[in-house]
Amino acid sequence: MILKIEEKRITPTVISLEMAGRICLGRDCQEVEWRLADLLKREEKKVVFDLSGVNMVDSTGVGILVTCAGRLRKAGGELRLAGVQGSVKDILSMTSVDRVIGTYPSAAAAAE
């Protein structure tokens, strides 16, 4: 399944990228980076990646999540992950990414 990304405003200061599919090596990972770059150009600094529809993340995808968190932090913002479940949750836990990037049960909880 190709990665689908939909942008939604949660609060006046928080924006969410809802993702569905796989965050894996290739164009999908590039798309995540491009979307974040676009948000940063628009001065959006509080971002939630809603991964509730993501069913797979490979090592490149893990790297992209960490890179995006670093870029936001450098810009004075923050990345939070929401809806992480199943094998994606296991991978983020095994790689300790869940200790570096805050994870929340839902996008609404992440926005608070």
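How exposed or buried is Lys45? In this predicted model, Lys45 has a relative accessible area of 31% and is therefore partly exposed, a point taken up again in the legend on the salt bridges below.

**View 1. The open sheet and its edges.**
In this predicted model, 5 strands make up an open sheet, arranged in the order β1-β2-β3-β4-β5 and with mixed pairing. The edge positions are held by β1 (4-11) and β5 (102-104), each of which pairs on one side only. Averaged over the sheet and with direction ignored, neighbouring strands are turned by 30 degrees against each other. Strands of a sheet pair through backbone hydrogen bonds, and the pairing may be parallel or antiparallel. For β1 and β2 the sense is antiparallel, and 7 bridges join the two strands; within this part of the structure, Lys4 has Ala20 of β2 as its bridge partner.

**View 2. Helix α3 on the sheet.**
Helix α3 lies across β3 and β4, and its direction makes an angle of about 115 degrees with that of β3.

**View 3. The largest nonpolar core and the surroundings of Leu81.**
The largest nonpolar core comprises 28 residues, and Met19, Phe49, Leu51, Leu79 and Leu81 are those with the most contacts inside it. At least two residues of this core come from each of β2 (14-23), α1, β3 (46-57), α2, β4 (78-82) and α3 (86-94), with α2 giving the largest share, 6 residues. When residues up to four places away in sequence are set aside, Leu81 touches Phe49, Leu51, Leu65, Leu92, Ile101, Gly102, Thr103 and Tyr104. A second core of 6 residues is separate from the largest one, and Ala82, Ala107, Ala110 and Ala111 are among its members.

**View 4. Salt bridges between and along elements.**
The model contains 8 salt bridges, several of which are shown here. One of them joins the side chains of Arg71 and Glu33, with an N to O distance of 3.3 Å; this pair links distant parts of the chain, since Arg71 belongs to helix α2 (residues 59-74) and Glu33 to helix α1 (residues 27-41), 38 residues apart. Arg71 has 39% relative accessibility and so counts as partly exposed, and Glu33, at 22%, likewise counts as partly exposed. Another salt bridge brings together the side chains of Asp38 and Arg42, at 2.8 Å from N to O. Here Asp38 is partly exposed because its relative accessibility is 32%, and Arg42 is partly exposed at 37%. Lys45 forms a salt bridge with Glu43, their closest N and O atoms lying 3.7 Å apart; whereas Lys45 is partly exposed at 31%, Glu43 has a relative accessible area of 56% and is therefore exposed. Finally, Glu6, Lys8 and Glu18 are linked with one another in a network of salt bridges.

**View 5. Asp28, a buried acidic residue in α1.**
Asp28 has its place in helix α1. What is the nearest side chain of opposite charge to Asp28, and how far away is it? That side chain belongs to Arg22, which is 6.1 Å away, and Asp28, although buried, has no salt bridge. The cut-off explains this absence, because a salt bridge requires the nitrogen and the carboxyl oxygen to lie within 4 Å. With neighbours within four places in sequence left aside, Asp28 is in contact with Ile2, Leu3 and Arg22.

Technical notes
Residues are numbered from 1 along each chain as its sequence is written. This is a predicted model: local features need pLDDT of at least 70, side-chain atom pairs count only at pLDDT 80 or more; totals for chains, interfaces and linings use all residues. Side-chain values use heavy atoms; hydrogens and water are left out. Helices (H or I, at least four residues) and strands (E, at least two) are DSSP runs, numbered from the N terminus. Buried means under 20% relative accessible area, exposed over 50%, partly exposed in between (1.4 Å probe, protein chains only). A nonpolar core is a set of buried Ala, Val, Leu, Ile, Met, Phe, Trp, Tyr and Cys residues joined through side-chain atoms within 4.5 Å. Contact means heavy atoms within 4.5 Å. Two strands pair if DSSP finds at least two bridges between them. Axes are lines fitted to C-alpha atoms, for helices over the stretch in contact, and angles run from 0 to 180 degrees between N-to-C directions. Lys and Arg count as positive and Asp and Glu as negative; His and the chain ends are not counted.
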